[in-house]
Amino acid sequence: GGAVPKDQRQGWGQFLKTIASFSGDLSSLTAPSFILSPVSLTEYPSYWGEHPELFAACAEGKDDVEQMVNVARWFIGTLKGQYMSRNTSMGSEKKPLNPILGEIFLGNWPDKDGRGETSLIAEQVSHHPPVTAYNLLNEKAGVNLEGHSGQKSSFSGRSITVRQVGHAVLRVPSTDKKGETLYLITLPTLVIEGLIWGSPYIELSGTSHISSSSGYLATINYSGKGYFSGKAHTYKATVSPSSKPTHPLYTVEGEWSGVSKFKGSSPDGNKDSTFWDAGADREEVSVKSVEEQGPMESRKVWQKTAEGIRSQNYEAASKDKSRIENEQRQMRKDEAAKGTPHQLEYFVHVDDDKEYADLMASFGGKPPQEEAYRRKARVH
Ligand code: 0T9
């Protein structure tokens, strides 16, 4: 295979066999060094904020339909970063560092042109299986995103199918400015392809939804090279009343990694106008230097491991990773012995998310109970 270094071919073959005979939490598997990323999964929620102007625009719209279109544009605008950026920056999808419990990632996107500052707080709320809770907030625009992200993986022949566990709720001022509108966001299924060649990449499949408390629904259908459309990274989205999901007001089609356009009418009155062009620059989150970070902040925790991976000193990386994992095991033992379980720093766990249940039911779903993580009240 092309992308696997000669001396790691055997190891990669072994790794694929392990994946094939395995189901569940892939993050705990030890992978060959060429596929390791120096970035922890706790950093991934930052993809939600990489178009700060689209995030702020979620509060805008002359009416509720237009606001839903703005929210859908922000959501689609995050996909290229979420699912393609490792290919762009590192040549292929890579295995992220497996976060420790309580690991924290803090960052922001500064105010520019009046859009307001967007801040990010992410916290690893479970180690095994990995679950990350996150909150992005633009106080000026009044846009607040709260969600959590977990995964359930299975091997299917020659690819890995990753079902995303978790959802997000976006809160914005309602268009009549009298209250707030909630948008429930569900997430697509990932298919990791290109494994045999050692150059994995993500294709999206299935359907995700954005369901609003104002009575609108965006339904997003994903397809890729191997699917009916035949073209990589494509999607079709409709915006309809929640009560009539099959009666779209607007339809959008195209590539989530490229250009997508309205089919026919659009909110601005033009026909077939551009909905989103993913060629737009993404703005990386600003983060404190490692020197200024606290002991639980992601880049501080993984500083040495990441350095080892970046400089291809894999022995040093693996040694430091083992040290961290041993310390963590000891901490969990001590907590169990003392009867003082780990406390979350920024989030509160909710067993049964009523907002999820309501916004799923509003378009005919009968959802199973879903958990959630809510941001604790801020103490200034
Ligand atoms: C939430 C995102 C998620 C996290 C990653 C599956 C994956 C871990 C979860 C779902 C973000 O909003 C979006 C993007 C990429 C997802 C990762 C891709 C990936 O491969 C990993 C898994 C755990 C692996 O590392 C599998 C091992 C390896 C063979 C593939 C490189």
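Helices (H or I, at least four residues) and strands (E, at least two) are DSSP runs, numbered from the N terminus. This is a predicted model, where local features need pLDDT of at least 70 and side-chain atom pairs count only at pLDDT 80 or more, while totals for chains, interfaces and linings use all residues. Residues are numbered from 1 along each chain as its sequence is written, and side-chain values use heavy atoms, with hydrogens and water left out.

**Exercise 1. Place Ser257 and Phe262, and give a C-alpha distance for each.**

Step 1. Start with Ser257, which sits in the loop between strand S14 (250-255) and S15. Its relative accessible area is 17%, so Ser257 goes down as buried. Here buried means under 20% relative accessible area, exposed means over 50%, and partly exposed is in between (1.4 Å probe, protein chains only).

Step 2. Now look along the chain: Ser257 and Thr78 are 179 residues apart, yet their C-alpha atoms are separated by 9.6 Å.

Step 3. Move on to Phe262, found in strand S15 (residues 259-262). With 4% relative accessibility, Phe262 is buried. From C-alpha to C-alpha, Phe262 and Lys236 are 9.8 Å apart, with their positions 26 residues apart in sequence.

**Exercise 2. Work out which strands pair with S4, and whether S4 is enclosed or open.**

Step 1. Two strands pair if DSSP finds at least two bridges between them. Strand S3 (residues 104-109) is joined to S4 by 6 bridges, and the two run antiparallel. As a check in the viewer, Phe105 stands opposite Ala122 in S4.

Step 2. S4 also pairs with S5, again in the antiparallel sense, over 7 bridges. Ser119 faces Leu137 in S5 across this pairing. S4 and S5 make a hairpin, with 4 residues between them.

Step 3. For the cover, count buried residues: 8 of the 9 in strand S4 (residues 118-126) qualify, so the strand is largely enclosed by the rest of the structure.

**Exercise 3. Find the unusual backbone geometry at Pro129, Asp113 and Asp272.**

Step 1. Keep the baseline in mind: most residues other than glycine have a negative phi, and most peptide bonds are trans.

Step 2. The peptide bond from His128 to Pro129 is cis, with omega near 0 degrees. Pro129 belongs to the loop between S4 and S5.

Step 3. Asp113 has a positive phi, near 50 degrees. You'll find Asp113 in the loop between S3 and S4, where it is exposed at 79% relative accessible area.

Step 4. Asp272 has a positive phi too, near 55 degrees. Asp272 lies in the loop between S15 and strand S16 (274-277) and is partly exposed, at 45%.

**Exercise 4. Which residues form the negative surface patch, and where is Glu139?**

Step 1. The patch is made up of Asp111, Asp113, Glu117 and Glu139. Patch residues have over 30% relative accessible area and no salt bridge, and like charges are joined within 9 Å (for nonpolar side chains, Val, Leu, Ile, Met, Phe, Trp and Tyr, within 5 Å).

Step 2. Glu139 is in the loop between strand S5 (131-138) and strand S6 (143-156), and at 60% relative accessibility Glu139 counts as exposed.

**Exercise 5. How many salt bridges are there, and what do three of them link?**

Step 1. Use this rule: a side-chain nitrogen of Lys or Arg within 4 Å of a carboxyl oxygen of Asp or Glu. That gives 19 salt bridges.

Step 2. Glu355 and Arg171 form one of them, with the closest N and O atoms 2.8 Å apart. Glu355 is in helix H7 (residues 354-361) and Arg171 in strand S8 (residues 168-173), so this pair ties together parts 184 residues apart in sequence. Arg171 is buried, at 15%.

Step 3. Lys321 and Glu325 form another, at 3.5 Å between the closest N and O atoms. The two are 4 residues apart in helix H6 (residues 314-338), which puts about one helical turn between them. Lys321 is partly exposed at 29%, and Glu325 is partly exposed at 29%.

Step 4. Arg332 and Glu335 meet at 2.9 Å, N to O. They are 3 residues apart in helix H6, again separated by about one helical turn. Arg332 is partly exposed at 26%, whereas Glu335 is buried at 16%.

Step 5. Finally, shared partners join Glu146, Arg171, Glu180, Asp353, Glu355 and Arg374 into one salt-bridge network.

Technical notes:
Accessible areas come from the Shrake-Rupley method with a 1.4 Å probe; for residues, only the protein chains shown count as cover. Lys and Arg count as positive and Asp and Glu as negative; His and the chain ends are not counted. The place of a charge is taken as NZ of Lys, CZ of Arg, CG of Asp or CD of Glu.
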